[in-house]
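Reader: I would like the terms used for this model explained one at a time. Please set each value against its cut-off.

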Amino acid sequence: MLAGGVGAARLLTGVVRVVDPSTVVAIVNTGDDMTLHGLQISPDIDTVVYTLAGLQNPATGWGIATESWTAMAELERIGGATWFRLGDRDLATHLYRTQRLAEGAALHEVTAEIARARGIGVHVVPMSDDAVRTRLVLAEDADGVLAGTEVAFQHYFVRLRHAVAVRSVRFDGAAAASPAPGVLDAIGDAEAVVVSPSNPVVSIGPILAVPGVRSALAARREQVVAVSPIVAGAALKGPADRLLAELGYESSAVGVARLLAEWVGTLVIDEQDAHLKDAVESEGLRAVVAPTIMTSPEVAASLATVVLDAAR
Ligand code: FO1
């Protein structure tokens, strides 16, 4: 599975109910990663690991449930940066990852150690061990940041609350990056390649930007099945719909189909978009209509079955 954040984590909880978790490789976006307070933070990796471990905060979709904020409160008292909320339990992950990377471990090794420590069977793999960072050029002024300024992903997503139009997006470092060990083999050998209902621009886009990934996927196109992150023209969470429109794509299941058609063979669209089935198929990929709004692990499991059957 190509995995972004929340949408990927939800679908993964469904996938692990229908197949042996140890047969699943989650290739996770690291374009959101950031260094803050000297800590190496990998939000999408942590969302996937926490959710599979049953630790996730269901309200926010990130961080750990039953969290405390003592460190953040103390940091606030001394005037430190607290715009990016790091809970006391979540901090342990960032401390561990930062220390291991400083010791020379590669991100894929540290990620495997954390996944093992959290007791999950899915192989969680970063898209690359190299730094690839999503950066966005603003199309309008926001909170004192002038239009035309390029900001890091978390500045856009959290500090500006993604409440600002975007002119362009790029993945800094992608050209020089290599897929993490096992990524290309997983894509080449998989019985099915699942594209999670994550933001196609800033969650799936960075994975595709890592050299070799796009062609590996295109070679398996008939076994690649994506779940549309856009339902009835809107994203279920986050700015995917607005970003698509701002970057010139159509914010609909058809727009997503057009964006993915080169390397995705089947797009699963929600029942609310059943009327778009023919339009999606006219983009050159197969359309499968199913409930895609994962309101429970059972719905996620049903969706996982639909996706895996479509790949077969
Ligand atoms: N998102 C927020 O909207 N506000 C936060 O303060 C915040 C903190 C945070 C800490 C750790 C982490 O792993 C994720 C965090 N996120 C926060 C979510 C993060 O911006 C998103 O998970 C992804 O980068 C987008 O999918």
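**Terms and values**

Author: His162 is buried, with a relative accessible area of 18%. The model is a predicted one.

Reader: Why is His162 called buried?

Author: The label requires under 20% relative accessible area. His162 has 18%, so the residue counts as buried. His162 sits in the loop between H6 and strand E8 (166-172).

Reader: What makes the phi of His162 worth listing?

Author: His162 is not a glycine, and its phi is positive, near 40°. Most residues other than glycine have a negative phi. Ala232 is also listed, with a positive phi of about 50° although it is not a glycine. Ala232 is in the loop between strand E11 (230-231) and strand E12 (234-235).

Reader: Why is the space lined by Val195, Ser196 and other residues called a cavity?

Author: A cavity is a set of points where a 1.4 Å probe fits but cannot get out. The structure holds one such space of 30 Å³ or more. The volume of the largest cavity is about 40 Å³, and its lining includes Val195, Ser196, Ser198, Pro200 and Ile204. Helix H8 (200-209), strand E10 (224-227) and helix H11 (253-260) each give at least two residues to that lining.

Reader: How do you know which classes the lining of the largest cavity holds?

Author: Val and Pro count as nonpolar, whereas Ser falls among the polar residues. On that basis the lining of the largest cavity has eight nonpolar residues, two polar and no charged.

Reader: What makes the space lined by Gly5, Val6 and Thr60, among others, a pocket?

Author: A pocket is an open set of points with protein on both sides within 12 Å along at least five of seven lines. The largest pocket has a volume of about 1,000 Å³. Its lining comprises 45 residues, and Gly5, Val6, Thr60, Phe157 and Lys237 are the ones nearest its centre. Helix H2 (43-52) is one of the helices that supply at least two residues each; the share from H2, five residues, is the largest. By class the lining of the largest pocket divides into 22 nonpolar, 16 polar and seven charged.

Reader: Which residues lie nearest the centre of the second largest pocket, and which element gives the most to its lining?

Author: The second largest pocket has a volume of about 460 Å³. Thr23, Val24, Val25, Ala190 and Ala192 lie nearest its centre, in a lining of 22 residues. H7 gives the most, with four residues. The lining of the second largest pocket has 16 nonpolar, two polar and four charged residues.

Reader: What makes a group of residues a nonpolar core?

Author: The residues must be buried, be of the listed nonpolar types, and be joined through side-chain atoms within 4.5 Å. The largest nonpolar core has 54 residues, with the most contacts inside it made by Leu2, Leu217, Trp263 and Val280. Domain 2 (133-172) and domain 3 (183-311) each give at least three residues to this core. Apart from it lies another core, of 36 residues, including Val28, Ala304, Ala310 and Ala311.

Reader: Which residues does Leu2 touch?

Author: Not counting residues up to four places away in sequence, Leu2 touches Ile27, Val194, Val195, Ser196, Ile204, Ile207, Leu208, Leu217 and Trp263. Among them, Val195, Ser196 and Ile204 also line the largest cavity.

Key
Residues numbered from 1 in each chain as written. Predicted model: local features only at pLDDT ≥ 70, side-chain atom pairs only at ≥ 80, totals over all residues. Heavy atoms only, no water. 1 Å grid on protein atoms, 1.4 Å probe; cavity = no way out; pocket = protein on both sides within 12 Å on 5 of 7 lines; lining within 4 Å. Points joined across faces, edges and corners; volume = space filled by probe spheres on them. Buried < 20%, exposed > 50% of the residue type's maximum accessible area, 1.4 Å probe, protein only. Domains from an automatic or database assignment. Contact = heavy atoms within 4.5 Å.
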